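Colleague: I would like a close look at the charged side-chain pairs in this model, and then at how they sit within the rest of the chain. Please take them one at a time.

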Amino acid sequence: MIIARKNYPMKSDVREKDNMYVLEVNLPGFKKEDIKAHVDNGNLIITASQEKETERNKKNYIRKERYSGQYQRSFYIGHSIKQEDIKASYKWGVLKLEIPKENKEAKKNVTQIKIA
């Protein structure tokens with residue numbers, strides 16, 4: 001199950017399929033190379049950054065609303081999902097991640113420590 005953390009700037013949709021979750025994150029205006037995704041301690045962390053403009057004063061802006069800096073969002077995906085199991089693609093400003101569902105058989109094989 002995917003659980004999203006609050007306070008997020010990246011609008012996202014999560015769909016459930018038979019054997020996976022499909023996560024689509026809106027990242028308009030970002031280049032593919034400016035987007036990073038990794039798994040850390042059961043969380044899928046997505047980071048997108050845009051470089052700050054260094055010559056801002058030279059362009060005579062009257063108003064500047066577009067944000068430059070870094071966005072980050074995390075989703076809890078569980079500890080059994082490995083980073084290499086997730087498939088990602090980026091097209092038309094949407095990052096699409098295919099996340100396999102947790103393997104329930106692996107959970108059944110967990111043994112407990114015997115206490116003497």
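Modeller: Searching the whole of this predicted model turns up two salt bridges. As general background, side chains of opposite charge can pair when their charged atoms come close.

In one of these, R15 pairs with E24, and the closest N and O atoms are 3.7 Å apart, which is inside the 4 Å limit that defines such a bridge. R15 counts as partly exposed because its relative accessibility is 37%, and E24, with a relative accessible area of 24%, is likewise placed in the partly exposed class, since that class begins where the buried one, under 20%, ends.

The other bridge brings together the side chains of K101 and E16, with 2.6 Å from N to O. This pair links distant parts of the chain, for K101 belongs to the loop between β8 and α1 (104-108), while E16 lies in strand β2 (residues 12-16), 85 residues away. K101 has a relative accessible area of 26% and is therefore partly exposed, whereas E16, at 56% relative accessibility, counts as exposed, because the exposed class covers values over 50%.

To place these pairs in the fold, the chain can be read along its sequence as β-β-β-β-β-β-β-β-α, that is, one helix and eight strands. Residues 24 or more positions apart account for 54% of the contacts in the chain with a separation of 6 or more, and of its 116 residues, 26% count as buried.

The interior is best followed through the largest nonpolar core, which has 16 residues, and in which L23, L27, L44, I46, L97 and I99 touch the most other members. The elements that each give two or more residues to this core are β3 (20-26), β5 and β8 (94-100). L97 in particular, once neighbours within four places in sequence are set aside, is in contact with Y21, V22, L23, L44, I46, I86, K87 and A88, and so L23, L44 and I46 appear both in that contact list and among the core residues just named.

L97 also leads to the second largest pocket, whose volume is about 210 Å³. Among the 14 residues that line this pocket, those closest to its centre are K36, A37, A88, L95 and L97. At least two lining residues come from each of β4 (35-40), β7 (87-91) and β8, and β4 gives the most, with five. By type, the lining divides into nine nonpolar, three polar and two charged residues.

A last position worth following is A48, which lies in strand β5 (residues 43-50) and counts as buried because its relative accessibility is 0%. Leaving aside neighbours within four places in sequence, A48 is in contact with M10, L27, F30, D34, I35, G69, Q70 and Y71, and one of these, L27, is also listed among the core residues that touch the most other members. A48 and R73 are 25 residues apart in sequence, and their C-alpha atoms are 9.1 Å apart in space.

Definitions and conventions
Residues are numbered from 1 along each chain as its sequence is written. This is a predicted model: local features need pLDDT of at least 70, side-chain atom pairs count only at pLDDT 80 or more; totals for chains, interfaces and linings use all residues. Side-chain values use heavy atoms; hydrogens and water are left out. Helices (H or I, at least four residues) and strands (E, at least two) are DSSP runs, numbered from the N terminus. Buried means under 20% relative accessible area, exposed over 50%, partly exposed in between (1.4 Å probe, protein chains only). Contact means heavy atoms within 4.5 Å. A nonpolar core is a set of buried Ala, Val, Leu, Ile, Met, Phe, Trp, Tyr and Cys residues joined through side-chain atoms within 4.5 Å. On a 1 Å grid over the protein atoms alone, a cavity is a set of points where a 1.4 Å probe fits but cannot get out, and a pocket is an open set with protein on both sides within 12 Å along at least five of seven lines; lining residues have an atom within 4 Å of a point. Grid points are joined across faces, edges and corners, and a volume is the space filled by probe spheres set on the points. Ala, Val, Leu, Ile, Met, Phe, Trp, Tyr, Cys and Pro count as nonpolar, Asp, Glu, Lys and Arg as charged, and the others, Gly among them, as polar.
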